[in-house]
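Let's take a walk through this structure together, one stop at a time. Have the sequence and the 3D view at hand as you read.

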Amino acid sequence: MKIVELEELSYKDLQNNLIKGVYFERLVLGKELLNIRNSSKYLEVLNFREPEFDDNQGDFFIMKFDNEEEMKNSVPDLLNNRKYISDDYNCIRLCNANSKLTLDQFEEAKEYEATEELFNYDDVYLEHTEDFKEEIFKKYFEKDIDYILKDMRECIEYNDLEDFNERKKEFESIVKQLDNVNFCNRYGNVDENIDFSEYI
């Protein structure tokens with residue numbers, strides 16, 4: 001695969017399925033709709049707005065692939081190759097060329113560097129977006145779980161059954177909370193429940 005400069009792009013290239021527009025962007029974790037704590041107790045449900053784009057981060061280039069197989073396997077290579085992107089990017093889209101453009105529309109888009117006209121951002125061939133589960137878990141749950149488990153081990157060591165049972169209730173409360181963490185859309189409606197089973 002190789003990068004194709006915009007000035008090198010020809011009208012017939014829009015018909016070449018091995019040429020894609022590559023968009024790199026940075027997604028940030030959406031703002032939580034509820035605070036994690038309420039009077040020192042865990043809330044029953046924790047909702048996050050769906051991940052949103054950082055408008056100050058983004059990049060684009062045109063890539064020509066050697067064959068279909070290389071194109072299908074390109075996302076990990078592109079994400080992990082600092083020749084193409086910086087560490088800040090966590091979302092990548094390979095988009096198809098707009099083959100419906102007339103020659104005049106193509107020439108005008110090239111002149112004004114209107115890449116979104118040449119390669120449709122919504123016509124996605126391949127896409128990868130970072131999983132935010134780990135970020136949420138580390139930020140909101142990991143320290144509390146580690147602290148409680150440490151206390152439970154000490155309770156066992158000192159044979160303190162009463163305190164152990166209290167800590168056990170706290171742990172169960174966190175696990176219950178983990179079952180009720182969601183991504184919501186901009187209207188506050190739940191889009192997706194987040195599965196944390198791999199962390200417990």
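Lys-20 touches a whole set of residues from elsewhere in the sequence, among them Phe-61, Ile-62, Met-63, Phe-65, Met-71, Phe-119 and Tyr-125. Keep in mind that this is a predicted model. You will find Lys-20 in strand β2, which covers residues 19–28. Lys-20 is buried and yet has no salt bridge. The nearest side chain of opposite charge belongs to Glu-68, 7.0 Å away, and a salt bridge needs the nitrogen and the carboxyl oxygen to be within 4 Å. What Lys-20 does have is a polar contact of 2.4 Å between its side chain and that of Asn-96.

Salt bridges do occur elsewhere: the structure holds eight of them. In general, side chains of opposite charge can pair when their charged atoms come close. One such pair is Glu-127 and Arg-93, whose closest N and O atoms are 2.9 Å apart. This pair links distant parts of the chain, with Glu-127 in strand β8 (residues 119–129) and Arg-93 in strand β7 (residues 91–97), 34 residues apart. Glu-127 is partly exposed, at 42% relative accessible area, while Arg-93 is buried, at 15%.

Now turn to helix α7, residues 161–178. At 1.5 Å a residue, its 18 residues should span 26 Å, and the end C-alpha atoms are indeed 26 Å apart, so the two values agree. Which residues of α7 are buried? They are Phe-164, Arg-167, Ile-174, Gln-177 and Leu-178. Seen down the helix axis, the buried residues fall within an arc of 140 degrees, so they line one face of α7. On the other side, Leu-161, Glu-162, Lys-169 and Lys-176 are exposed.

Helix α7 also carries salt bridges of its own. Arg-167 and Asp-163 meet at 3.8 Å, N to O; they are four residues apart, and therefore separated by about one helical turn. Here Arg-167 is buried, with a relative accessible area of 18%, and Asp-163 is partly exposed, at 27%. Glu-166 and Lys-169 meet in another salt bridge, at 4.0 Å, and being three residues apart they too are separated by about one helical turn. Salt bridges that share partners also join Asp-151, Asp-163, Arg-167 and Glu-170 into one network.

For a last stop, look at Asp-144 in helix α6, residues 142–157. Asp-144 is partly exposed, at 22%. The C-alpha atoms of Asp-144 and Ile-174 are separated by 8.4 Å, although these residues are 30 residues apart along the chain.

Technical notes
Residues numbered from 1 in each chain as written. Predicted model: local features only at pLDDT ≥ 70, side-chain atom pairs only at ≥ 80, totals over all residues. Heavy atoms only, no water. Helix = DSSP H or I, 4+ residues; strand = E, 2+ residues; numbered from the N terminus. Buried < 20%, exposed > 50% of the residue type's maximum accessible area, 1.4 Å probe, protein only. Lys, Arg positive; Asp, Glu negative; His and termini not counted. Polar contact = N/O pair within 3.5 Å; in protein donor to acceptor, adjacent residues only side chain to side chain. Contact = heavy atoms within 4.5 Å. Expected span 1.5 Å × (residues − 1). Arc of directions from axis to C-beta. Lists of a residue's contacts leave out its neighbours within four places in sequence.
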